[in-house]
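Trainee: Could you take me through one part of this model slowly, and tell me what surrounds it? I would like a single connected account rather than a list.

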Amino acid sequence: MRTRLSICRRKVRYASAEEACEVAAASGLVLHPYYCDRCWRWHLTSRTKGRRRPAGQPKPSLSA
Ligand SMILES: [Zn+2]
C-alpha cells in the first residue's frame with residue numbers, strides 16, 4: 001500500500017530499518033518499521049495488517 005503524503009509529512013523519518021527498529025525498541029511500544037515510497041525513508045507504525053486480536057484474549061462481553 002502507498003503511504004499517504006499527509007501521514008508521511010508528520011512522521012519521523014529514519015535513514016534505515018535498523019535505526020527505526022532501535023527507536024521502536026527504545027520506545028517500549030509495539031512499532032513496526034516500514035519503507036515509505038514518498039520520502040524513500042523509513043517510518044514507524046503501530047498498525048498491523050488486518051484487525052488481529054491477540055491470541056487467547058477473550059471477546060469482550062456485550063451482555064452487560
Ligand atoms: Zn515518508
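Mentor: Along the chain, the donors of the zinc ion follow the spacing C-x27-C-x2-C-x3-H, and I will build the account around that site, keeping in mind that this is a predicted model. The atoms that coordinate the zinc ion are SG of C8, SG of C36, SG of C39 and NE2 of H43, at 2.1 to 2.4 Å. One pair among these donors links distant parts of the chain, since C8 sits in helix α1 (residues 5-10) while H43 belongs to strand β2 (residues 42-45), 35 residues apart.

The geometry can be judged from the angles: the four donor atoms around the zinc ion subtend 106 to 115 degrees, and the arrangement is therefore tetrahedral, given that four donors count as such if all angles lie between 85 and 135 degrees. For reference, the ideal angle for four tetrahedral donors is 109.5 degrees.

As for the cover over these ligands, C8 has a relative accessibility of 1% and so counts as buried, and H43, with a relative accessible area of 0%, is buried as well. Buried residues make up 17% of the 64 residues of the protein chain.

A further residue to consider here is T3, which lies in the segment before α1. T3 is buried, because its relative accessible area is 7%, which falls under the 20% limit. Once its neighbours within four places in sequence are set aside, T3 is in contact with C8, Y34, C36, D37 and R38, and two of the zinc donors, C8 and C36, are therefore among its partners.

Beside these residues in the sequence there is also an aromatic pair, and a search of the whole structure finds one such pair. Y35 and W42 form it in an edge-to-face manner, with 5.5 Å from centre to centre and 65 degrees between the planes. Y35 counts as partly exposed at 46% relative accessibility, and W42 is likewise partly exposed, with a relative accessible area of 23%.

To place the site in the whole chain, the protein chain has two helices and two strands, which follow the pattern α-α-β-β when read along the sequence. Of the contacts in the protein chain with a separation of 6 or more, 49% are between residues 24 or more positions apart. The accessible surface of the protein chain comes to about 5,800 Å², and carbon and sulfur atoms account for 54% of that area.

How values were computed: Residues are numbered from 1 along each chain as its sequence is written. This is a predicted model: local features need pLDDT of at least 70, side-chain atom pairs count only at pLDDT 80 or more; totals for chains, interfaces and linings use all residues. Side-chain values use heavy atoms; hydrogens and water are left out. Helices (H or I, at least four residues) and strands (E, at least two) are DSSP runs, numbered from the N terminus. Buried means under 20% relative accessible area, exposed over 50%, partly exposed in between (1.4 Å probe, protein chains only). Contact means heavy atoms within 4.5 Å. Accessible areas come from the Shrake-Rupley method with a 1.4 Å probe; for residues, only the protein chains shown count as cover. Donors are N, O and S atoms within 2.8 Å of the metal (3.2 Å for Na, K and Ca); water is not among the atoms, so sites may look incomplete. Four donors count as tetrahedral if all angles lie between 85 and 135 degrees; four count as square planar and six as octahedral if opposite donors are over 155 degrees apart and all others between 65 and 115; anything else is irregular. Rings of Phe, Tyr and Trp (its six-membered ring) pair if their centres lie within 6.5 Å; planes under 30 degrees apart count as stacked, over 60 as edge-to-face and the rest as tilted.
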